[in-house]
Amino acid sequence: QVQLVESGGGSVQAGGSLRLSCAASGFTYVNYCMGWFRQTPEKEREGGAVIDSGEHSFYAENAKGRFTISRDNRRSILYLQMTDLQPEDTAMYYCASKGQFCRATSSMAMELNDYKYWGQGTQVTVSS
């Protein structure tokens, strides 16, 4: 049974940092593309960052320069280090697995419909 369990969300002030974690189980984690996405009640789910099995990564414009995605293949954990957080980063953050190999070298790797497995999300709230 595939499980993705996020943690690390919380409330911070603008300019602060958080590190999100996603513990994966029930599938061959090391082989698959993984990603972090986010959603607010007002907007559709959008991509933040994805990483492939070779640890190549691709970032959406909203994450470039501030967020870093990484993975621990030995422990099957995905991370998102977020710095310089701003109120517009307030959202529910979701970990997802594509369920297959991919190359995280373009926005094509961030197509939502290609992601097969999703976690329940962790809330990030940034106050000004």
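This is a short tour of a predicted model, going from a sheet to its cores and then to its salt bridges.

**Stop 1: the open sheet**

Start by selecting strands β1, β3, β8 and β7, which in that order make up an open sheet of four strands with antiparallel pairing. Which strands lie at the edges? They are β1, covering residues 3-7, and β7, and each of them pairs on one side only. From one strand to the next, the twist averages 15 degrees.

Now keep β1 and β3 in view and hide the rest. These two strands run antiparallel and are joined by five bridges. To find a place to look across the pair, select Glu6, which stands opposite Cys22 in β3.

**Stop 2: the largest nonpolar core**

Next, select Met34, Trp36, Ile69, Leu78, Leu80, Met82 and Tyr93. Of the 25 residues in the largest nonpolar core, these touch the most other members. Colour the strands to see where the core comes from: two or more residues each are given by β3 (18-25), β4 (34-39), β5 (46-51), β7 (67-72), β8 (77-82), β9 and β11 (122-127). Which element gives the largest share? That is β3, with four residues.

Centre the view on Leu78 and show what surrounds it. Leaving aside neighbours within four places in sequence, Leu78 is in contact with Leu20, Ser21 and Cys22, with Tyr29, with Met34, Gly35 and Trp36, with Ile51, with Ile69, Ser70 and Arg71, and with Cys95. A second core, separate from the one just visited, has 10 residues, among them Val50, Ala60, Met110 and Tyr115.

**Stop 3: Ser97**

Move to Ser97, which is found in strand β9, residues 91-97. Is Ser97 buried or exposed? Its relative accessible area is 0%, so Ser97 counts as buried. Show its contacts beyond four places in sequence: they are Leu4, Phe27, Tyr32, Cys33, Met34, Tyr115, Lys116 and Tyr117. Two of these names have come up before: Met34 belongs to the largest nonpolar core, and Tyr115 to the second one.

**Stop 4: the salt bridges**

How many salt bridges does the model hold? The count comes to seven. Begin with the network, selecting Arg38, Lys43, Glu46, Arg66 and Asp89, which are linked by salt bridges.

Within that network, zoom in on Arg38 and Glu46, whose side chains meet with N and O 2.8 Å apart. Arg38 is buried, at a relative accessible area of 8%, whereas Glu46 is partly exposed, at 22%. The cut-off for buried is under 20%, so Glu46 does not count as buried.

Then select Lys64 and Glu61, another salt bridge, with 2.7 Å from N to O. Here Lys64 is partly exposed, with 44% relative accessibility, and Glu61 is exposed, with a relative accessible area of 63%.

Finish at Asp72 and Arg75, which form a salt bridge whose closest N and O atoms are 3.2 Å apart. Asp72 is buried, with a relative accessible area of 18%, while Arg75 is partly exposed at 47%. Asp72 also brings the tour back to the sheet, as β7 covers residues 67-72 and is one of the edge strands.

Note on methods
Residues numbered from 1 in each chain as written. Predicted model: local features only at pLDDT ≥ 70, side-chain atom pairs only at ≥ 80, totals over all residues. Heavy atoms only, no water. Salt bridge = Lys/Arg side-chain N within 4 Å of Asp/Glu carboxyl O. Buried < 20%, exposed > 50% of the residue type's maximum accessible area, 1.4 Å probe, protein only. Contact = heavy atoms within 4.5 Å. Core = buried A, V, L, I, M, F, W, Y, C linked by side-chain atoms within 4.5 Å. Pairing = 2+ DSSP bridges. Axes fitted to C-alpha atoms, helices over the stretch in contact; angles between N-to-C directions.
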